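Open the structure in your viewer and keep the selection panel at hand. The stops below are meant to be followed in order.

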Protein chains: 2
Amino acid sequence: MNAISTDPREIREAIRSGAYAGPTAGLAPDYVQTNLVIVPSDYASDMADLCARNPVPCALVEVLPHGRFTPACAPDADIRTDLPQYRVYRKGLLLEKRADILDLWREDFVTFLIGCSYTFEHALQQAGFVMRHHAEGKSVPMYRTAINLMPAGRLWGHMIVSMRPFKPQDVDAVREITRPYRAAHGEPVHWGDPEAIGIRRLDRPDEGDAVTVERGEIPVFWGCGVTPQNVAIESRIPYVIVHEPGHMFITNMHHEELISQSPSARR
Amino acid sequence: MNAISTDPREIREAIRSGAYAGPTAGLAPDYVQTNLVIVPSDYASDMADLCARNPVPCALVEVLPHGRFTPACAPDADIRTDLPQYRVYRKGLLLEKRADILDLWREDFVTFLIGCSYTFEHALQQAGFVMRHHAEGKSVPMYRTAINLMPAGRLWGHMIVSMRPFKPQDVDAVREITRPYRAAHGEPVHWGDPEAIGIRRLDRPDEGDAVTVERGEIPVFWGCGVTPQNVAIESRIPYVIVHEPGHMFITNMHHEELISQSPSARR
């Protein structure tokens, strides 16, 4: 792959061909990336309910019809090959990691595409903020919390959050900039004391890398699209395919297309 | 009012004329009733975000355009006169209770209609369940919980839940029957130990009446549309008009119109 490609089609082509298998942060920066959850149709209704009832960590960008692997948000893409890495869980246990899921595909699979923090990070960057994990060349730290999701059928579990440190005086601006991107987690769920949401050690994230929180900064936490993976584990879903955290699906949608309308504009 | 009227238009007419000012439970049983929240337009975007981020207690049935008081879900109705009782809060304090809000109405008001438990109670009744508060001739008990809402701009607070006792062996059926009514709180948020969600005393509800929980029953808790009232109090919204709990807005929509589609039917 041309390392400086910013075109979603070219990048997906490089991923599909095996030329690129790394994280997707920073690739096609103007385009929406999504989390991936694929469940057998028997669980599709529960997963749809889970997302509808917990839209902050699990905002739906798209649900593909039964058996379909070409999403409307990237009609030339193939969900089975176009992510750099997949995880397969069986009854809550990680079965394997994979570069594609072509031979695992079944007609009864239903695919959920869930908004990703890269969208609001793009907005923060355009406003002049530097993400600490970018500055340190790391993946964003993600944590399991004590926040119970709203249960949905056989699905339950705790919210996963991602964390970025900011100065307290910047929190209002950070909230305001990220708020309109409801389909990409929107504004933070919490800021300040990590223990208030059940996080004991900031230096020991459950996924991603620890980053420096400098003196005079506070941790700011957002809902994270890795949450359904935690639900798969906690609820012991019989079979689920997800993306490797940080290795997202790159769509053809621009970030602006995810901005939520204000109520006066709605009718 | 004809006490046995089941027609939403007739009942609203009776309320509007002052002939009826009581609770709306049991009136027009086939029709959707809603919670009411009216905020000045300055707060409309925050309230829309609060509802979008907390759809279990605050599922939107309709948002009226700026200044409008005739909803699409009942085009012959008037939001300012057609509820039996209103509450007006200023900076988190109850200012007054009112039979109508005609003289309070302002061009910059934005009205939110939020789903109500009567919809899923109707479904439970049709399946043969008897609500305990109905059997005892009471209002459903409502409680403040320790469940933090997802913050939205200047709005934050804790979830209010309503409670109905059921036998543990009925909980699966109760969950299944109420689940499709996502716009009316859907399935329960919690069942069993009240303290797990911060409720100390079941016999001391914050709104409504205590009901008997018989030996061999457990309390089952649903998100409640009184939640925005608690948000108004906790966030000290400068000015908000809401319904008196139990005194809802009666729409022309049938309950079935609120049933959420399964994901396979969505596209």
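What follows is a walk through a predicted model, from the pairing of the chains to aromatic and charged side chains.

**Stop 1: both chains**

Colour by chain and superpose chain A on chain B. A turn of 180° with a shift of 0.0 Å along the axis lays chain A on chain B, with an RMSD of 0.0 Å. The two copies are thus related as by a two-fold rotation axis.

**Stop 2: the interface**

Select the residues in contact between the chains: 32 residues come from chain A and 34 residues from chain B. Of the interface residues of chain A, 100% are also interface residues in chain B, so the copies meet through the same surface. About 2800 Å² is buried between chain A and chain B, with 59% of that area on carbon and sulfur atoms.

How many salt bridges are there between chain A and chain B? The count is 2 salt bridges. To see a salt bridge, show the side chains of R182(B) and D49(A), where the N to O distance is 2.7 Å.

**Stop 3: an aromatic cluster in chain A**

Over all chains, a search of the whole structure gives 14 aromatic pairs. Take W105(A) and F109(A): their ring centres are 5.3 Å apart and their planes stand at 90°, so this pair is edge-to-face. W105(A) has a relative accessible area of 14% and is buried, as the cut-off for that label is under 20%. F109(A) is also buried, at 1% relative accessibility.

Now extend the selection to F69(A) and Y239(A), which form one aromatic cluster with W105(A) and F109(A). Add R106(A) as well: its charged end sits over the ring of Y239(A), 5.6 Å from the ring centre.

**Stop 4: an aromatic pair in chain B**

Move to Y143(B) and F221(B). Their rings form an edge-to-face pair, 6.4 Å centre to centre, with 80° between the planes. Show the backbone too: Y143(B) lies in strand 6 (residues 142-148) of chain B and F221(B) in strand 9 (residues 218-223) of chain B, so the pair ties together parts that are 78 residues apart in sequence. Are these side chains, Y143(B) and F221(B), buried or exposed? Both Y143(B) and F221(B) are buried.

**Stop 5: a charge over a ring**

Finish in chain A by selecting R154(A) and Y43(A). R154(A) lies over the face of Y43(A), 3.8 Å from the ring centre.

Key: Residues numbered from 1 in each chain as written. Chains lettered and ligands numbered in written order. Predicted model: local features only at pLDDT ≥ 70, side-chain atom pairs only at ≥ 80, totals over all residues. Heavy atoms only, no water. Phe/Tyr/Trp six-rings, centres within 6.5 Å; stacked < 30°, edge-to-face > 60°. Buried < 20%, exposed > 50% of the residue type's maximum accessible area, 1.4 Å probe, protein only. Helix = DSSP H or I, 4+ residues; strand = E, 2+ residues; numbered from the N terminus. Lys NZ or Arg CZ within 6 Å of the ring centre and 35° of its normal. Least-squares fit on C-alpha atoms with pLDDT ≥ 70 in both. Contact = heavy atoms within 4.5 Å. Buried area = accessible area lost by both parts, 1.4 Å probe. Salt bridge = Lys/Arg side-chain N within 4 Å of Asp/Glu carboxyl O.
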